[in-house]
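User: Could you take a close look at the aromatic residues in this protein for me? I would like to know how they sit together and what lies around them.

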Amino acid sequence: MGDLDRIHWRCRRGLLELDLVLEAFLKRGYGRLDAGQRRLFNELLEQPDNDLLDLVMGRTESPDTEFRDLVGKLRAA
């Protein structure tokens with residue numbers, strides 16, 4: 001299993017809304033990330049589903065400034 005396959009598997013979540021956002025991002029934006037941003041994306045996937053959905057939907061902001069740019073890219077996808 002390649003790296004992209006692993007990421008795709010990790011993007012399968014328990015919330016349909018989150019699945020749709022992450023799937024769209026994998027198709028449109030993931031390939032443009034550099035190595036550091038990919039590492040951050042992996043770290044972002046460690047978040048619980050509800051917390052991650054709140055970040056992506058703009059209901060909360062990440063206290064970690066590193067994630068803000070990446071979350072913006074997720075929102076735009």
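Analyst: Happy to help; here is a walk from the overall fold to the aromatic rings and then to their surroundings. Please keep in mind that this is a predicted model, and that every value below is computed from it.

Let's set the scene with the fold. The protein has five helices and zero strands, so read along the sequence its pattern is α-α-α-α-α. Along the principal axes, the C-alpha trace spans about 35 × 25 × 20 Å. A compact globule of 77 residues would have a radius of gyration near 11 Å, and the protein agrees with this, at 11 Å. Buried residues account for 34% of the 77 residues. Among the contacts with a separation of 6 or more, 56% are between residues 24 or more positions apart. The accessible surface comes to about 4900 Å², and carbon and sulfur atoms hold 50% of that area.

Now to the rings themselves. The structure holds two aromatic pairs. One of them joins F25 and F41, with 5.2 Å from centre to centre and 35° between the planes, and this pair is tilted. F25 belongs to helix α2 and F41 to helix α3, so the pair ties together parts that are 16 residues apart in sequence. The other pair is made by Y30 and F41: the ring centres are 5.5 Å apart and the planes stand at 55°, so this pair counts as tilted too. It links distant parts of the chain, because Y30 sits in the loop between α2 and α3 while F41 is in helix α3, eleven residues away. Taken together, F25, Y30 and F41 form one aromatic cluster.

Are these three rings buried or exposed? The cut-off that matters here is that buried means under 20% relative accessible area. F41 has a relative accessible area of 0%, so F41 is buried. F25 is at 1% and therefore counts as buried. Y30, with 7%, is buried as well.

What lies around the cluster? The largest nonpolar core has 21 residues, and F41 is among those with the most contacts inside it, along with L22 and L44. The elements that give two or more residues to this core are α2 (16–28), α3 (35–44), α4 (49–57) and α5 (65–76). Helix α2 provides the largest share, five residues. To see how the core reaches across the fold, follow L44: leaving aside neighbours within four places in sequence, L44 is in contact with L52, L55, F67, L70, V71 and L74.

Finally, one residue that touches the cluster is worth a look from the side of helix α5, and that is K73. Not counting residues up to four places away in sequence, K73 touches F25, L33 and Q37, and F25 is one of the rings of the aromatic cluster. With a relative accessible area of 30%, K73 is partly exposed, whereas F25 is buried at 1%. The C-alpha atoms of K73 and R28 are separated by 9.8 Å, although the two residues are 45 apart along the chain.

To put the picture together: F41 pairs with F25 and also with Y30, and F41 is among the residues with the most contacts inside the largest nonpolar core. On another side of the story, K73 of helix α5 is in touch with F25.

How values were computed: Residues numbered from 1 in each chain as written. Predicted model: local features only at pLDDT ≥ 70, side-chain atom pairs only at ≥ 80, totals over all residues. Heavy atoms only, no water. Core = buried A, V, L, I, M, F, W, Y, C linked by side-chain atoms within 4.5 Å. Buried < 20%, exposed > 50% of the residue type's maximum accessible area, 1.4 Å probe, protein only. Helix = DSSP H or I, 4+ residues; strand = E, 2+ residues; numbered from the N terminus. Contact = heavy atoms within 4.5 Å. Phe/Tyr/Trp six-rings, centres within 6.5 Å; stacked < 30°, edge-to-face > 60°. Rg over C-alpha atoms; globule rule 2.2 N^0.38 Å. Areas by Shrake-Rupley, 256 points an atom, 1.4 Å probe, with all protein chains shown as cover.
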